[in-house]
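Student: Could you take me through one part of this protein slowly? I would like to look closely at the place where the ligand sits and at what surrounds that place.

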Amino acid sequence: MKLRTIKDVDLKGKTTIVRVDYNVPMEGSIITDDTRIRESIPTINYLLGNGAKVILMSHLGRPKNGPEDDLRLNPVADKLSQIIGKPVIKVDDCVGPEVEHAVKALQSGQILMLENTRFHKEEEANDPEFAKKLASYADIFVSDGFGTVHRAHASTEGIAHHIPAYAGLLVEKEINALSPLLGTVEHPFVVLLGGAKIDTKIGVIKTYIKKANTILLGGGLANTFVYARGFDVGESLCEKDKMELAQELMIEAQENNCKLVTPGGAIVADEIGDDVITADMEITGVEGNMQMLDIGEKSTDKYIEILKGAKTIIWNGPVGLYEKEPFEKGTKRIAQALAKVEGKTYLGGGDTLDALKKFNIDPKSFTHVSTGGGAMLEFLEGIALPGIKVLEA
Ligand code: ADP
Ligand code: MG
């Protein structure tokens with residue numbers, strides 16, 4: 001896949017409008033993880049360094065109906081200014097007179113941040129008039145919010161129909177890092193999937209049944225497969241309506257010589273909490289109001305052994321309810337082991353990255369840590385992402 005990037009264009013004196021993904025985790029007005037802001041710096045500095053004016057736009061959270069004060073991007077603008085060491089001009093809307101005025105006054109080397117694009121319902125509706133308005137502020141559109149390129153929204157896709165569109169350095173880096181996984185990779189090839197629900201991961205399971213030697217399942221997602229194998233799952237998170245689908249996937253895996261592995265044991269508890277009584281038991285013993293909230297110790301050992309022998313590994317989704325200490329061990333041990341394996345390791349997903357942070361694991365220990373969750377998974381399924389399609393050379 002060949003993309004047009006900002007390196008292909010003369011930026012001097014141009015006004016650029018850049019879609020970044022500043023949908024950062026916040027507690028009140030405190031940003032708890034600024035990775036996404038830091039990851040946008042190379043592109044912004046490149047644009048400024050080459051004589052362009054920079055307008056930034058992003059969404060934050062899920063505003064329901066118009067502006068919400070706690071979803072304004074002001075804390076993000078402050079944080080960016082602090083990290084990049086330059087002033088960031090912030091306006092209180094993403095379209096309208098205040099924006100027009102600020103754009104007119106913008107000088108080369110300056111950064112202007114627009115307000116949360118999702119304060120307008122036209123953003124997610126990919127309204128052409130709204131996209132055109134955003135486009136009217138700049139000469140060039142730069143797509144750099146990899147976490148949102150799987151969405152056809154006005155600021156990610158629609159805008160590209162009105163002004164020339166180029167990939168920023170982060171989008172370029174992600175596509176270059178993930179593209180090899182679409183072709184032939186070194187085997188053994190192991191995919192580890194956890195997380196809460198299967199519906200968002202079905203596509204990846206289907207894709208990798210045909211490519212991987214082994215798919216290791218954990219988390220709530222594995223419970224549905226355990227149930228589909230005929231076991232009692234007690235009160236565990238389980239999508240019983242997806243049982244047939246899970247059975248089909250297991251058959252498909254067999255036909256394709258792919259081992260679809262479910263945990264043989266689980267950490268169970270009757271309730272979720274920070275200091276609840278837990279037991280590590282075989283799946284066959286689960287019953288009543290027990291909940292399987294992490295994979296068991298022996299399963300963790302087995303998964304780690306398999307991962308150690310792999311040449312290529314993709315990981316998305318914690319294998320347990322890692323937010324609570326009694327159920328963090330499987331995810332923690334697997335993450336620690338993955339940081340040391342010899343094979344190439346590709347990770348992504350909001351909670352997966354959050355788990356790394358929680359366990360103090362350096363993202364540099366892996367081949368690639370994606371800033372996209374859904375975007376990474378859809379890209380790996382081979383789906384043409386709307387926000388990438390508009391950048392293809
Ligand atoms: P990611 O954001 O990395 O793609 P997901 O959003 O799919 O991951 O899933 C993460 C969530 O799954 C976490 O909140 C975690 O607590 C939950 N989870 C994992 N295992 C279980 C389980 N056994 N029971 C209930 N929830 C679980
Ligand atoms: Mg998540």
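Tutor: Here is a walk from the ligand outwards to the helix, strand and loop around it, and then to the domains.

First, a word on the model: it is predicted, local features need pLDDT of at least 70, side-chain atom pairs count only at pLDDT 80 or more, and totals for chains, interfaces and linings use all residues. Residues are numbered from 1 along each chain as its sequence is written, chains are lettered from A and ligands numbered from 1 in the order in which they are written, and side-chain values use heavy atoms, with hydrogens and water left out.

Let's start at ligand 1. Around it are 19 residues, and Lys-201, Met-292, Glu-323, Asp-351 and Thr-352 come nearest (a residue is near a molecule if one of its heavy atoms lies within 4 Å of it). Look next for the oxygen atoms of the ligand. A polar side-chain atom of Thr-352 lies 2.5 Å from an oxygen atom of ligand 1, and a polar side-chain atom of Asn-316 lies 3.0 Å from an oxygen atom of ligand 1. Gly-350 takes part through its backbone: an N or O atom there lies 3.3 Å from an oxygen atom of the ligand. On its own, ligand 1 has 580 Å² of accessible area, and the protein covers 82% of that (areas come from the Shrake-Rupley method with a 1.4 Å probe; for residues, only the protein chains shown count as cover).

Which elements build this shell? α8 (219–228), β14 (291–295) and α12 (350–358) each supply at least two residues, and the largest share, three residues, comes from α12. These names follow DSSP runs, numbered from the N terminus: helices are H or I with at least four residues, strands are E with at least two.

Now turn to α8. Nine of its ten residues are buried, so this helix is largely enclosed by the rest of the structure (buried means under 20% relative accessible area, exposed over 50%, partly exposed in between, with a 1.4 Å probe and protein chains only). Among the buried ones are Leu-221, Phe-225 and Val-226. Their cover includes β9 (189–193), α7 (202–209), β10 (214–217) and β14. Just after α8, Gly-230 takes a positive phi of about 105 degrees.

Strand β14 also holds Ile-295, which counts as buried because its relative accessibility is 3%. Leaving out residues up to four places away in sequence, Ile-295 touches residues including Gly-219, Tyr-303 and Ile-334 (contact means heavy atoms within 4.5 Å).

Another residue to find is Glu-328, in the loop between β15 (312–316) and α11 (329–338). Its relative accessibility is 13%, so Glu-328 counts as buried. The side chain of Glu-328 makes a polar contact with the side chain of Lys-358 at 3.0 Å (a pair of N or O atoms within 3.5 Å; within protein, one must be able to donate a hydrogen and the other to accept it, and residues adjacent in sequence count only if both atoms are side-chain atoms).

Finally, step back to the domains. The assignment gives domain 1 (6–172) and domain 2 (183–380), with bounds from an automatic or database domain assignment. Their C-alpha centres lie 35 Å apart, and the contact takes nine residues from domain 1 and eight residues from domain 2.
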